[in-house]
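Please look over the model shown here. The report below covers its fold, its annotated spans and its aromatic contacts.

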Amino acid sequence: MASVEEATRSLEDGFRGKEAVLPPRRTGHGMSSSSLLRRRSDRSVLSKVRSEPLRRLLANLQEVFLGTKLSPLFPAVPLAVAAQCFDFGRAWVFALSMVGLAPLAERLSFLSEQISYYGGPTVGGLLNATCGNAPELIIALLALQKDKMEVLKWSLLGSILSNLLLVLGSSLFCGGIANYTKERPFDRKQSDVNLSLLLLGALCCIFALVFPRSASVGEGDVGAGAALNLSRACSIVMLVAYLGCLFFQLKTHRQLFEPPEDEADSNDDTVSDTPVIGFASAFAWLVGMTAVVAFLSDYVVTTIEAASESWGMPVSFVSVIMLPIVGNAAEHTAAIIFAFKNKIDITLGITLGSSTQISMFVVPLSIIVAWIKGVHMHLDFGLLETGSLVMSILITAFTLQDGTWHYMKGFVLLLCYVVIGASFFILRPSLNQANAINWGVETIPMKSVKA
């Protein structure tokens with residue numbers, strides 16, 4: 001139990017009028033990069049500062065910018081701005097922006113966790129549901145604003161595939177090798193809920209793909225309009241399902257999503273069970289960092305085509321493979337390290353929870369926003385994209401069906417990710433033409449960006 005001195009010190013940063021409400025325990029998805037990658041702060045030097053407002057400001061700066069093991073990546077943020085201002089090349093702007101998003105995404109998770117201490121577990125869960133994949137959501141909305149539908153769909157698809165195949169596969173492979181003598185079963189209840197939602201999302205994407213090509217619907221504007229209405233209806237259903245999952249997770253069956261006692265209470269993974277930043281300060285930092293994430297995301301969306309041309313890679317490969325790997329590096333690293341510690345339940349909470357958020361919240365929300373803006377966006381991701389999504393979910397479901405884990409399962413998932421990556425790297429340019437010829441689908445051209 002935290003001492004009185006620790007509790008007093010945790011509340012001295014910018015907020016005096018509200019007591020912290022400590023949630024009992026975080027779910028597996030909540031115990032991601034914010035807990036594992038946090039660094040203990042030494043405030044002995046700050047105690048020598050006589051001015052109390054200045055001491056609070058320095059303490060906040062220390063916790064926000066130096067309280068993470070990813071702090072060496074923060075210089076990428078001003079370097080990206082400098083590369084844009086001094087015209088160093090759009091490829092450099094894109095690369096530095098991607099690197100800068102990694103620590104910012106981890107800090108958003110940390111700040112939402114700090115706010116949850118004051119608002120309780122329900123508020124914390126809702127914040128985690130909205131801020132857990134904030135970079136993906138912001139990139140999707142910016143791509144929608146710039147009429148880059150393909151980049152939008154590829155980036156969201158890449159986030160799901162990287163979580164299901166790359167991150168989970170790496171975790172099972174590395175954790176299985178490191179703990180091959182300690183193999184033990186995991187609780188399937190949490191994974192079953194997430195996989196059922198992922199299958200529902202895959203079903204909606206399959207119908208959106210097949211519906212306009214069905215002979216009973218017809219071709220031309222009638223078939224396209226019917227497919228668009230189906231996608232919008234499915235998006236509403238997906239959002240309702242996600243809200244139902246939140247109620248299921250945060251209210252009625254919260255115990256299913258909590259890590260086991262020996263995993264949740266391990267002292268080597270978490271730094272403190274008390275808030276280190278006041279409520280007002282955490283909220284202000286959350287708003288500010290969200291604005292910075294939006295700023296860098298705009299750089300990413302604007303320069304992705306120029307970067308792909310400079311690197312000699314298709315835009316599809318950069319969007320599906322490279323962007324999710326770098327942008328979610330913090331959360332991915334945490335999932336793998338938890339598997340190394342033989343805590344696969346937390347790893348599953350991170351990977352499957354993040355995939356569910358993207359599939360059932362970010363994707364349908366993008367469809368609804370496009371609907372409001374009058375943009376004709378649907379759930380038809382294309383043949384290769386939909387096939388990759390469906391097969392990834394099915395392979396992951398079969399991998400986890402027996403409730404045990406070992407390195408061979410992770411090895412197979414990694415090989416599946418390699419095959420999908422090779423497909424997007426080699427086959428994508430010809431597939432655009434094939435879809436337009438065989439199916440009569442009008443592809444939405446992306447705006448060209450001059451290098």
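What follows runs from the whole chain down to single side chains.

**Overall fold**

This is a predicted model. The protein chain has 18 helices and zero strands. Of its 451 residues, 54% are buried. The chain exposes about 19,500 Å². Carbon and sulfur atoms supply 66% of that area. Contacts reach across the sequence: among those between residues at least 6 apart, 86% join residues at least 24 apart.

**Annotated spans**

An unreviewed UniProt entry carries the annotation "transmembrane region". According to that record, the annotation covers residues 156-181, 193-212, 233-250, 276-296, 317-340, 346-372, 379-400 and 406-427. Two of these spans are set out in the table.

| Span | End C-alpha distance | Helix | Strand |
|---|---|---|---|
| Residues 317-340 | 29 Å | 96% | 0% |
| Residues 379-400 | 27 Å | 82% | 0% |

Helix α16 covers residues 383-400. How does its end-to-end distance fit the expected span? At 1.5 Å a residue, the 18 residues of α16 should span 26 Å. Its end C-alpha atoms are 26 Å apart, so the two values agree.

Which residues of α16 are buried? They are L384, E385, T386, S388, L389, V390, S392, I393, T396, T399 and L400.

**Aromatic contacts**

A search of the whole structure finds nine aromatic pairs. One pair joins F173 and Y407. Their ring centres are 6.4 Å apart. Why is the pair classed as edge-to-face? The planes meet at 75°, and the class applies because that angle is over 60 degrees.

F173 lies in helix α8, residues 149-178. Y407 lies in helix α17, residues 407-426. The pair therefore ties together parts that are 234 residues apart in sequence.

Are these two residues buried, exposed or partly exposed? F173 has a relative accessible area of 25%, so F173 is partly exposed. Y407 also counts as partly exposed, at 42% relative accessibility. Both values fall between the cut-offs of 20% for buried and 50% for exposed.

F65, F74 and W285 form one aromatic cluster.

A charged side chain also meets a ring. R107 lies over the face of F110. The distance to the ring centre is 4.1 Å.

Technical notes
Residues numbered from 1 in each chain as written. Predicted model: local features only at pLDDT ≥ 70, side-chain atom pairs only at ≥ 80, totals over all residues. Heavy atoms only, no water. Helix = DSSP H or I, 4+ residues; strand = E, 2+ residues; numbered from the N terminus. Buried < 20%, exposed > 50% of the residue type's maximum accessible area, 1.4 Å probe, protein only. Contact = heavy atoms within 4.5 Å. Areas by Shrake-Rupley, 256 points an atom, 1.4 Å probe, with all protein chains shown as cover. Phe/Tyr/Trp six-rings, centres within 6.5 Å; stacked < 30°, edge-to-face > 60°. Lys NZ or Arg CZ within 6 Å of the ring centre and 35° of its normal. UniProt positions renumbered as here; feature names shortened; annotations may be inferred. Expected span 1.5 Å × (residues − 1).
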